[in-house]
Amino acid sequence: MAHLLGAEGLRLEYPTKVVFDGVSLGVDEGDRIGIVGRNGDGKSSLLRMLAGLVEPDSGRVTVRGGIRVGVLSQADDLDDDLRIRDAVVGDLADHEWAGDARVRDVIAGLLGDLDWEGPIRGLSGGQRRRVSLAALLAGDHDVIFLDEPTNHLDVEGISWLAEHLKRRWSAGSGALLVVTHDRWFLDEICTATWEVHDRIVEPFEGGYAAYILQRVERDRQASAIEARRQNLARKELAWLRRGAPARTSKPKFRIDAANELIADVPEIRDRVALQSLAVSRLGKDVVDVLDAGVTYGDRVVLEKVEWRVAPGERTGILGVNGAGKSTLLGLVSGTVEPTAGRVKHGKTVKVATLSQRMGELDEHLEHPVRVVISNLRTSYTVGTGSKAQDLTPGQLLERMGFSSAQLSTPVKDLSGGQKRRLQLLLILLDQPNVLILDEPTNDLDTDMLGAIEDLLDSWAGTLIVVSHDRYFLERVTDQQYAILGGRFRHLPGGVDEYLRLRREQPGRTGANATASGSESGSGSAGGSASSASGGGGKDAAQPALSGAERRAAEKELSSIDRRLEKVQREIAGIDAELADAHDDFERLLGLQRQRDELVAETAELEERWLELGEALGG
């Protein structure tokens, strides 16, 4: 492959820190490189040096003649006086940009919900970020550098972006380098991973899953890496091999080596022990949302929501911005009253919400972290059974990545990620038994996300998560639901099913409509966009179904969806009867047998659902 860009002996030093020392790297045609590492170790600095935006103190960066470089930085440099159209395609005539399938795909994928002729001024931060990303992707670049491109994108937008980037570089021309904390995105698009740590850049083959495998093997052989980090990496590898069904259908590393490494690693969560603890803390009644609806003026946000939240339940909630996720969380927490139906809270329920506003820290802003935790007298239990241990607030804070030096830092001077972790600490030490996490992954690097996931694995309570971080959502929850058209529905197929349902909704535009990357259109900014057929995807490796077979599979899939909804309603009804039959032993046995049969049927239906989904191309 042709060499595009190289770095030799890079050294970068700030007044108080040497960031890189003697770093040499190369980028070839077809490379899609993910850059990972702890916050503050220099990921963005590396990107900016390679892009020519920052001069190294020594060493040099060389770029092959004629190579065009494009950069998406975290800074917002859009001109408020421009129209969206001008910012994205400049002074190109309509027939010029509309005749380019790639540009149409970008505009439809990222900006389909915006006024194409409208001004930049007045856009939200997330909308401005999408305009900047669209302008970059619409340009004609050979090497693209992306710094946190998934910020402000929802699950569908991230899925669209991954498909777009894979199609764009599948032919092997050009290269992509991306800094992101979104591990699903890294695993989906990257052919190589660079880990930035201790003034060096260490390359690994493959995406995030392959990187984790190689890192575990490196740590085991070196044996000098601290045991805690090694154990976290091994546990994450176990998740990657045993976790979400979608991952097991497309392994990205050597199966035999992975199985050998995790042969003695237990399941990531002891579900039986956690369920038992949750029931003992919560009782059988947690929160019952019964035929509930919420209306604001003439706008119906939620309707006919039926959800019996169980002790120990771990649920992820999906939905576009404005779908009603926050309203649903408000019903569960008790901060929102339904305008129809009712919500019942158990007598022992104590709900805590990790919100995006960080209100828990307001009264502590002027205090050093050490003073904040000195006022916390409780301890936090990690693990279950014989492996349970009590951690003091200080020990828990250390486990969440705070150094001893940072304990003297005033809260107001902490980074966004540090504030987020301190916020979670204060909430956990308040001993809630129902925990709601609203976009908890903001400002956290991959190592810290792994530490928090490990912490939540031993948390015995009911967990409800709203997040655009697909990896985190699948990692910490056992089931997913979605809000679609104001209705609340179970997703047996998880995030993949949600994306399929969203694609099938009528009147769709933008990333929401093109997450599969296969639609075509006339080229208007608000319509769907045409695209080249993706190379290297799983569809290309599978024989296409005939028309009759496809119709039969789609019909069966629709039938399974209807049956699963009915089974879920029947299980919910039995759960209600079980709560009332605690004194009738024979009735309890009969109801439990019925429930077990329905649960077994659900497992069979979900397995068949996944098989059909694979046959139909995901």
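Student: Before we look at this predicted model, what makes two strands count as a pair?

Tutor: Two strands pair if DSSP finds at least two bridges between them. In this predicted model, five bridges join strand 17 (residues 434-438) to strand 18, and the two run parallel.

Student: Which residue of strand 18 is the bridge partner of leucine 435, and which is the partner of arginine 314?

Tutor: The bridge partner of leucine 435 in strand 18 is leucine 463, and leucine 463 is also the bridge partner of arginine 314. Strand 12 (residues 314-318) is joined to strand 18 by four bridges, again in parallel, and because at least two bridges are needed for a pair, strands 12 and 18 pair as well.

Student: What do strand 17, helix 17 and strand 18 make?

Tutor: Strand 17, helix 17 (residues 446-457) and strand 18 make a right-handed β-α-β unit.

Student: How do you know that strand 18 is covered on both faces?

Tutor: On one side Thr462, Ile464 and Val466 are buried, and on the other side Leu463 and Val465 are buried, in keeping with the count of five buried residues out of five for residues 462-466.

Student: Why is tryptophan 307 called buried?

Tutor: The limit for buried is under 20% relative accessible area, and tryptophan 307 has 3% relative accessibility, so tryptophan 307 counts as buried. Phenylalanine 488, at 12% relative accessibility, counts as buried by that limit too.

Student: Why is glutamate 565 called partly exposed?

Tutor: Glutamate 565, which has its place in helix 20 (residues 547-580), has a relative accessible area of 34%; because that value lies between the 20% limit for buried and the 50% limit for exposed, glutamate 565 is partly exposed.

Student: What makes the pair of tyrosine 208 and tyrosine 211 tilted?

Tutor: The structure holds seven aromatic pairs, and one of them joins tyrosine 208 and tyrosine 211, with 5.8 Å centre to centre and 55 degrees between the planes. Ring centres must lie within 6.5 Å, and planes that are neither under 30 nor over 60 degrees apart count as tilted, so this pair is a tilted one. Both tyrosines lie in helix 8 (residues 208-222), three residues apart.

Student: Why is the pair of tryptophan 307 and phenylalanine 488 called tilted?

Tutor: The ring centres of tryptophan 307 and phenylalanine 488 are 4.9 Å apart and the planes stand at 45 degrees, so this pair is tilted as well. The pair links distant parts of the chain, with tryptophan 307 in strand 11 (residues 299-309) and phenylalanine 488 in strand 20 (residues 487-490), 181 residues apart.

Definitions and conventions:
Residues are numbered from 1 along each chain as its sequence is written. This is a predicted model: local features need pLDDT of at least 70, side-chain atom pairs count only at pLDDT 80 or more; totals for chains, interfaces and linings use all residues. Side-chain values use heavy atoms; hydrogens and water are left out. Buried means under 20% relative accessible area, exposed over 50%, partly exposed in between (1.4 Å probe, protein chains only). A crossover is right-handed if, with the strands pointing away from the viewer, the path from the first strand over the helix to the second runs clockwise. Rings of Phe, Tyr and Trp (its six-membered ring) pair if their centres lie within 6.5 Å; planes under 30 degrees apart count as stacked, over 60 as edge-to-face and the rest as tilted.
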